[in-house]
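Trainee: I have a new model open and would like to go through its contacts with you. Shall we take it one question at a time?

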Amino acid sequence: MTTRHSLFTSIFHPARKTDWLFYGVALLCLLPFISSPIALVLGFSLATLGLVPTQFNLAALTKKLLSYSIIGLGFGIHLDQAISASKEGFGLIVASIFCTLILGFVLTRLLKIEQKTGHLIASGTAICGGSAIAAVAPAINARDDQTSIALGTVFVLNAIALFVFPIIGHFFEMSQHAFGTWAAIAIHDTSSVVGAAGAYGDEALKTATTLKLARALWIIPIAFLSAVLFKGDNKKISVPFFILFYCVAILIAHFLPDLQLFYDMVFAASKRLLVVCLFLIGSGITIQKMRAAGFQPLLLGVMLWFSIGGGSLAYILWQS
């Protein structure tokens, strides 16, 4: 009797009700009327109210789901389109990465920010947000507080980008391709790039995803270079294998075209899963994390973001 009572109370304990609310909202994000920005706000709202379950690793779950969803998007990308977009955007990707890293080095000294913290923020801005920070941090032996500050800075700016970029794109009447290119260059995390581009249109989504993952490949050489400059450990560099599987998905769709109906279903499901990922990312953003970022690191992040965002926007509009 006691065992049954314990089991009953563990399942229906009042604290568990908040967990079911969290899971219910997460499932709600699979429905088409929940957009990426709304999902992010829902997650942030639950986190602020303390309604996020603590019994599992939210960051690890988000990382896995994001990888699966990006791989799924590969089935909706045409090989010719991927090659063309990569060729067109290669120069812009390389220029933006190294200009951001150099500017980050200069501004870090001017703002008197810890060198490793500044480098992590610059790396996250230059390549792909949290993923780049997570790869570079162990390579340069960054402290946990330095990594947390960089991640907090990037997460805040990612949340803003998700709302602001589509508005700017419509204001300048950017084409789907132009907006996808801009989003891939100027937004930090892959999740926010895909979220903003998906809100703009399917063509923008495909262009942005392809270019963003081409940009993400620079994690590896930049992490190695960082390890050398900071005399860190290049054996601790993590490789984003999901990019390889994304390319495999594109090749499968190209060489087995008879399964197009299935590919379309996977692509649509992956887009909805990305919205859930943004909900989970929002669930990991709290007021405490935003405060922990501090003013100067956030200022550095904003200055770098404005530089890469404004510069790439001006170039893309000029090219159009």
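**Contacts and a pocket**

Mentor: Gladly! At 38% relative accessibility, E114 counts as partly exposed. Keep in mind that this is a predicted model.

Trainee: Which residue meets the side chain of E114 in a salt bridge?

Mentor: Start with where the partners lie: E114 is in the loop between α5 and α6, and the other residue is in the loop between α7 (129–139) and α8 (144–171), so the pair ties together parts that are 29 residues apart in sequence. The N to O distance is 3.0 Å, inside the 4 Å limit for a salt bridge. The partner counts as partly exposed, at 40% relative accessibility. The residue you are after is R143.

Trainee: The structure holds two salt bridges; how far apart are the closest N and O atoms of D202 and K271?

Mentor: D202 lies in helix α11 (residues 202–216) and K271 in helix α14 (residues 260–283), so this pair ties together parts that are 69 residues apart in sequence. D202 is partly exposed at 39% relative accessibility, and K271 is partly exposed with a relative accessible area of 27%. The closest N and O atoms of this salt bridge are separated by 2.8 Å.

Trainee: On to the rings: is the pair of F22 and F279 stacked, edge-to-face or tilted?

Mentor: This is one of 13 aromatic pairs in the structure. Planes under 30 degrees apart would count as stacked and over 60 as edge-to-face. Here the centres are 5.1 Å apart and the planes stand at 40°, so the pair is tilted.

Trainee: And are F22 and F279 buried or exposed?

Mentor: F22 lies in helix α2 (residues 14–28) and F279 in helix α14, so the pair ties together parts that are 257 residues apart in sequence. The cut-off for the lower class is under 20% relative accessible area. Both F22 and F279 are buried.

Trainee: Which ring does the charged end of K206 sit over?

Mentor: Look for a ring centre within 6 Å of NZ of the lysine. In this case the charged end of K206 is 5.5 Å from the ring centre. The ring belongs to F267.

Trainee: Last one: which helix gives the largest share of the lining of the second largest pocket?

Mentor: That pocket has a volume of about 260 Å³. Of its 15 lining residues, those closest to the centre are L101, F105, H119, L229 and F230. The helices α5 (79–110), α6 (115–126) and α12 (219–229) each supply at least two lining residues. The largest share, seven residues, comes from α5.

Definitions and conventions:
Residues numbered from 1 in each chain as written. Predicted model: local features only at pLDDT ≥ 70, side-chain atom pairs only at ≥ 80, totals over all residues. Heavy atoms only, no water. 1 Å grid on protein atoms, 1.4 Å probe; cavity = no way out; pocket = protein on both sides within 12 Å on 5 of 7 lines; lining within 4 Å. Points joined across faces, edges and corners; volume = space filled by probe spheres on them. Helix = DSSP H or I, 4+ residues; strand = E, 2+ residues; numbered from the N terminus. Buried < 20%, exposed > 50% of the residue type's maximum accessible area, 1.4 Å probe, protein only. Phe/Tyr/Trp six-rings, centres within 6.5 Å; stacked < 30°, edge-to-face > 60°. Lys NZ or Arg CZ within 6 Å of the ring centre and 35° of its normal.
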